[in-house]
Amino acid sequence: MYLSEDAVIPEDSALVFDRVLSNVGGGYNEFVGIFTPPVDGLYFLTVNVLGNGDQQAGTQIMRNDEWLCQTWSASGGGTGACSVCFSFFMEKNDKTKTRAI
């Protein structure tokens with residue numbers, strides 16, 4: 001999943017990805033940007049954030065209103081990037097989203 005264009009996302013809003021390459025099990029809701037796992041299990045997530053020019057970019061990964069991970073990219077006039085990969089356990093019907101900070 002990814003955003004196909006640069007976007008300014010309001011703080012605390014969920015990122016709603018407009019390009020979904022794979023949604024096995026149908027857990028990602030492309031209208032609200034929330035992933036609900038179809039089964040209990042260990043899930044793996046990779047997040048890449050890019051800030052351009054004087055723009056900063058940050059995200060938080062949330063599971064049921066619990067903060068799991070944060071990314072931050074401050075470009076300082078050029079291009080800044082941040083990437084993170086992690087695994088975490090989810091139960092069926094948990095709610096996970098990526099939100100702008």
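Here are some friendly exercises on a predicted model of a protein chain, each with a worked solution.

**Exercise 1. The overall fold**

Find how many helices and how many strands the protein chain has, and the pattern they follow along the sequence.

*Solution.*
- Step 1: Count the elements. The protein chain has zero helices and seven strands.
- Step 2: Read along the sequence. The pattern that appears is β-β-β-β-β-β-β.
- Step 3: Look at contacts between residues at least 6 apart in sequence. In the protein chain, 58% of these join residues at least 24 apart.

**Exercise 2. Overall dimensions**

Work out whether the radius of gyration of the protein chain agrees or disagrees with that of a compact globule.

*Solution.*
- Step 1: Start from the expected value. For 101 residues, a compact globule would have a radius of gyration near 13 Å.
- Step 2: Compare it with the model. The protein chain has 14 Å, so the two agree.
- Step 3: Add the spans. Along its principal axes, the C-alpha trace of the protein chain covers about 45 × 20 × 20 Å.
- Step 4: Turn to the surface. About 6400 Å² of the protein chain is exposed, and carbon and sulfur atoms supply 51% of this area.
- Step 5: Finish with burial. Of the 101 residues, 32% count as buried.

**Exercise 3. The largest pocket**

Describe the largest pocket: how much space lies in it, and which residues are the closest to its centre?

*Solution.*
- Step 1: Recall how empty space is found. Rolling a probe the size of a water molecule over the atoms shows where it is left.
- Step 2: Give the volume. The largest pocket holds about 1300 Å³ of space.
- Step 3: Look at the lining. It is made up of 43 residues, and the closest to the centre of the pocket are L3, L15, F17, N48 and T98.
- Step 4: Assign the lining to strands. Two or more residues each come from β2 (34-35), β3 (41-52), β4 (56-63), β6 (79-90) and β7 (96-100).
- Step 5: Pick out the main contributor. β3 gives the most, with ten residues.
- Step 6: Sort the lining by chemistry. There are 26 nonpolar, 14 polar and three charged residues.

**Exercise 4. Three residues in strands**

For V47, G80 and T96, name the strand and decide: buried or exposed?

*Solution.*
- Step 1: Take V47, which lies in strand β3. Its relative accessible area is 9%, and a residue under 20% is buried, so V47 is buried.
- Step 2: List what V47 touches. Leaving out residues up to four places away in sequence, these are T59, I61, T71, C82, S83 and V84.
- Step 3: Relate V47 to S13. They are 34 residues apart in sequence, with 16 Å between their C-alpha atoms.
- Step 4: Take G80, found in strand β6. G80 counts as buried because its relative accessibility is 10%.
- Step 5: Relate G80 to L15. The two are 65 residues apart in sequence, and 19 Å separates their C-alpha atoms.
- Step 6: Take T96, in strand β7. With a relative accessible area of 8%, T96 is buried too.
- Step 7: Look around T96. Not counting residues up to four places away in sequence, T96 touches G33, I34, F35, I61, M62, R63, F88 and M90.

**Exercise 5. A residue before the strands**

Locate I9 and find which residues it contacts beyond its neighbours within four places in sequence.

*Solution.*
- Step 1: Place the residue. I9 is in the segment before β1 (28-29).
- Step 2: Classify it. I9 has 29% relative accessibility, which falls between the cut-offs of 20% and 50%, so I9 counts as partly exposed.
- Step 3: List the contacts. Beyond those sequence neighbours, I9 is in contact with A14, L15 and A100.
- Step 4: Check a distance. I9 and F89 are 80 residues apart along the chain, and their C-alpha atoms are separated by 27 Å.

**Exercise 6. Phi angles in loops**

Where do D65 and N93 lie, and what is the sign of phi in each?

*Solution.*
- Step 1: Recall the general rule. Most residues other than glycine have a negative phi.
- Step 2: Examine D65. Although it is not a glycine, D65 has a positive phi of about 70 degrees.
- Step 3: Place D65. It lies in the loop between β4 and β5 (66-74), and its relative accessible area of 71% makes it exposed.
- Step 4: Examine N93. This residue, also not a glycine, has a positive phi of about 80 degrees, and N93 sits in the loop between β6 and β7.

Technical notes: Residues numbered from 1 in each chain as written. Predicted model: local features only at pLDDT ≥ 70, side-chain atom pairs only at ≥ 80, totals over all residues. Heavy atoms only, no water. 1 Å grid on protein atoms, 1.4 Å probe; cavity = no way out; pocket = protein on both sides within 12 Å on 5 of 7 lines; lining within 4 Å. Points joined across faces, edges and corners; volume = space filled by probe spheres on them. Nonpolar A, V, L, I, M, F, W, Y, C, P; charged D, E, K, R; others polar. Rg over C-alpha atoms; globule rule 2.2 N^0.38 Å. Buried < 20%, exposed > 50% of the residue type's maximum accessible area, 1.4 Å probe, protein only. Contact = heavy atoms within 4.5 Å. Areas by Shrake-Rupley, 256 points an atom, 1.4 Å probe, with all protein chains shown as cover.
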